[in-house]
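Let's take a walk through this fold together, helix by helix. Have the structure open and ready to turn as you read.

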Amino acid sequence: MSDTPQTDPGTQVTGDPNRLNRQIFGSFMRRMRTDADMTVADFARRIGCSGPLISQTESGTNTPNRRVEDLLVRLYPGQEAEIRLLAAVARLSSGTHAADFQLYVRANARAA
């Protein structure tokens with residue numbers, strides 16, 4: 001078993017070391033939205049932001065800001081710790097701890 005984190009087949013790794021962290025947060029946010037059976041437009045209205053912002057955040061193009069983080073926590077208070085952790089890591093200025101974080105996320109996903 002390799003210690004190198006594996007990405008989802010749809011995840012594109014670029015020269016931006018923080019892109020994967022944003023994509024992990026985006027995937028998490030997409031899962032919350034789809035689990036609630038909401039479209040991007042429905043989700044955007046529900047948390048109070050634009051559809052393009054949701055789409056860009058889910059794709060990892062946009063870094064989640066604190067406002068989006070707070071809106072998600074208000075909508076999903078039972079997932080506050082995970083939302084805050086994933087958003088904070090997505091905002092890291094460098095990928096220094098990205099490999100460790102990715103291993104943590106995968107371990108939690110397997111445990112769930």
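Before we look at any pair of helices, one cut-off helps: an angle from 65 to 115 degrees between two axes counts as roughly perpendicular, while one over 145 degrees counts as roughly antiparallel. Please also keep in mind that this is a predicted model.

Start with the overall plan. The protein chain holds six helices and zero strands, so its elements, read from the N terminus, simply run α-α-α-α-α-α. The chain has 112 residues, of which 37% count as buried. Among contacts between residues at least 6 apart in sequence, 63% join residues at least 24 apart.

Now turn to H2 and H3. Their axes come within 8 Å and cross at roughly 110°. The two helices are therefore roughly perpendicular to each other. On the H2 side, the contact is made by Val40, Phe43, Ala44 and Ile47, and on the H3 side by Gly51, Ile54, Ser55 and Glu58. Sorted by class, this contact has five nonpolar, two polar and one charged residues.

Stay with H2, but look across to H4. Here the packing angle is about 90°, and the axes are 9 Å apart. H2 and H4 are therefore roughly perpendicular to each other as well. H2 brings Phe43, Arg46 and Ile47 to this contact, and H4 brings Leu71, Leu72 and Leu75. By class, the residues of the contact divide into five nonpolar, no polar and one charged. Notice that Phe43 and Ile47 take part here and also in the contact with H3.

Next, follow H4 to its partner H5. Helix H4 spans residues 66-75 and helix H5 spans residues 80-90; they pack at an angle of about 165°, with their axes 9 Å apart. H4 and H5 are therefore roughly antiparallel to each other, and their crossing is right-handed. Glu69, Asp70, Leu72 and Val73 in H4 meet Glu80, Ile83, Arg84 and Ala87 in H5. These residues divide into four nonpolar, no polar and four charged.

Which residues does Glu69 touch, leaving out those up to four places away in sequence? They are Ile83, Arg84, Ala87 and Arg91. Glu69 lies in helix H4, and because its relative accessibility is 2%, this residue counts as buried.

Leu72 is another residue of H4 worth a pause. It appears in the contact with H2 and again in the contact with H5. Setting aside neighbours within four places in sequence, Leu72 is in contact with Phe25, Met29, Met32, Phe43, Ile47 and Ile83.

That list leads us to the interior. The largest nonpolar core has 22 residues, and the members that touch the most others are Met29, Phe43 and Leu72. Two or more residues of this core come from each of helix H1 (19-35), helix H2 (40-47), helix H3 (51-59), H4 and H5. H1 gives the most, with six residues.

To bring the picture together, look once more at H2: this helix lies roughly perpendicular to H3 and roughly perpendicular to H4. H4, in turn, runs roughly antiparallel to H5. Phe43 of H2 and Leu72 of H4 meet in the contact of their helices, and both are among the core members with the most contacts to other members.

Definitions and conventions:
Residues numbered from 1 in each chain as written. Predicted model: local features only at pLDDT ≥ 70, side-chain atom pairs only at ≥ 80, totals over all residues. Heavy atoms only, no water. Axes fitted to C-alpha atoms, helices over the stretch in contact; angles between N-to-C directions. Helix = DSSP H or I, 4+ residues; strand = E, 2+ residues; numbered from the N terminus. Parallel < 35°, antiparallel > 145°, perpendicular 65-115°, else oblique. Left-handed = near helix turned anticlockwise from the far one by under 90°. Contact = heavy atoms within 4.5 Å. Nonpolar A, V, L, I, M, F, W, Y, C, P; charged D, E, K, R; others polar. Core = buried A, V, L, I, M, F, W, Y, C linked by side-chain atoms within 4.5 Å. Buried < 20%, exposed > 50% of the residue type's maximum accessible area, 1.4 Å probe, protein only.
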